[in-house]
Amino acid sequence: MQLIIDNISKTYDNGVQALQGISLEITKGMFGLLGPNGAGKSTLMRTIATLQNADSGHISFNDLDIYKDKNAIRKVLGYLPQQFGVYPKMSSEILLNHLAVLKGITNKKERKEVVHVLLDRTNLYEVRKQNLGVFSGGMKQRFGIAQALLNNPKLLIVDEPTAGLDPKERNRFYNLLSEIAENTIVILSTHIVDDIKELCHQMAIINRGEVILKGKPLELIEQVQGKVYQKIIDRSEFEMYKSQYQVINETFFMGKPVVQIMSNSNPGNGFEPIDAGLEEVYFSQINQSK
Ligand SMILES: Nc1ncnc2c1ncn2[C@@H]1O[C@H](COP(=O)(O)OP(=O)(O)OP(=O)(O)O)[C@@H](O)[C@H]1O
């Protein structure tokens with residue numbers, strides 16, 4: 001199973017270059033696409049989902065050119081968009097049943113079974129008669145996954161699904177996604193570093209429409225380990241540190257400003273080495289590509 005994204009570019013009518021020569025090879029399992037707001041994640045997700053065309057480049061799934069045969073790809077595709085609206089006065093069972101009809105499950109008995117299996121799998125079976133309007137954010141997202149799984153997809157695209165979920169719901173959602181990823185390609189777009197850390201065996205960071213780093217999270221972390229230092233400073237000193245060091249992040253520790261830098265050797269001057277993780281990988285890339 002393989003999705004190949006080859007040199008995809010897209011400029012919107014207003015002149016924004018949302019994607020600039022994106023190339024990625026994605027295999028079975030969970031792939032994390034990480035980037036700040038406006039990086040181009042949703043544009044790429046919609047493009048893969050065949051909801052909009054790229055200006056140039058190719059995308060193929062298992063040797064199938066997705067633009068040449070959009071229907072073929074739609075048969076094997078599940079998609080949870082960033083803004084997923086539900087009918088608030090409908091129950092999850094009824095709406096999922098309607099959506100199943102739209103996806104072509106015409107046999108009533110089969111449809112009922114599929115709907116029940118999916119509600120059960122997303123932990124919504126008990127609340128299947130409740131109106132979607134009273135669902136929490138996490139429940140709505142799980143319903144979003146249930147509808148995306150209706151056609152038993154081989155490629156599942158989820159666009160920023162964990163924003164706004166509390167830690168418990170986020171964990172529950174991670175469990176669901178990782179189970180699906182056992183035999184599916186799942187592309188998870190997110191600006192939340194923890195999502196990638198917990199779930200993905202392969203990842204890419206995109207910024208301003210370009211892939212600025214790709215690889216396996218653990219290997220990328222290894223590359224920065226031993227090179228990140230931090231120091232509590234005075235707020236007024238930020239600019240000075242920025243001019244003297246390769247600052248990757250400005251953060252806080254118990255309300256005090258902390259500056260984090262990259263350095264191949266110990267910079268001294270009160271800086272302490274830190275155990276670098278994916279966050280440091282992310283910030284070092286994003287801030288370098290500014
Ligand atoms: N339909 C559109 N018309 C014009 N510009 C657009 C359109 N959609 C997105 N853009 C612009 O393209 C760029 C990439 O947007 P996109 O939504 O793909 O980024 P994103 O990484 O998903 O960000 P976010 O997390 O904020 O959704 C942004 O500058 C955005 O303003």
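The following dialogue considers how certain descriptions of this predicted model are reached.

Visitor: What makes E1 and E2 paired strands?

Guide: Two strands count as paired if at least two bridges are found between them. Strand E1, residues 2–11, and E2 are joined by seven bridges in the antiparallel sense, so the pairing criterion is met. As one example, Ile8 has Ile22 in E2 as its bridge partner.

Visitor: In what order do the strands of the open sheet stand?

Guide: The four strands are arranged as E2-E1-E4-E5, and their pairing is antiparallel.

Visitor: Why are strands E2 and E5 said to stand at the edges?

Guide: Strand E2 (17–27) and strand E5 (64–65) each have a single partner strand, so one side of each has no neighbour in the sheet.

Visitor: Which helix lies across E1, E2 and strand E4?

Guide: That is helix H1, residues 41–48, which runs at about 60° to E2. H1 also supplies three residues to the shell around the ligand, the largest share.

Visitor: Which residues come nearest to the ligand?

Guide: Of the 15 residues around the ligand, those are Tyr12, Asn37, Lys41, Ser42 and Thr43. Tyr counts as nonpolar and Lys as charged, whereas Asn, Ser and Thr fall among the polar residues. The shell as a whole divides into four nonpolar, nine polar and two charged residues.

Visitor: What share of the protein is buried?

Guide: A residue is called buried if 20 or more other C-beta atoms lie within 10 Å of its own. Of the 290 residues in the protein, 37% are buried.

Definitions and conventions: Residues are numbered from 1 along each chain as its sequence is written. This is a predicted model: local features need pLDDT of at least 70, side-chain atom pairs count only at pLDDT 80 or more; totals for chains, interfaces and linings use all residues. Helices (H or I, at least four residues) and strands (E, at least two) are DSSP runs, numbered from the N terminus. Two residues are in contact if their C-beta atoms, placed from the backbone, lie within 7 Å. Axes are lines fitted to C-alpha atoms, for helices over the stretch in contact, and angles run from 0 to 180 degrees between N-to-C directions. A residue is near a molecule or strand if its C-beta atom, placed from the backbone, lies within 6 Å of it. A residue is buried if 20 or more other C-beta atoms lie within 10 Å of its own, exposed if 12 or fewer, and partly exposed in between; C-beta atoms are placed from the backbone.
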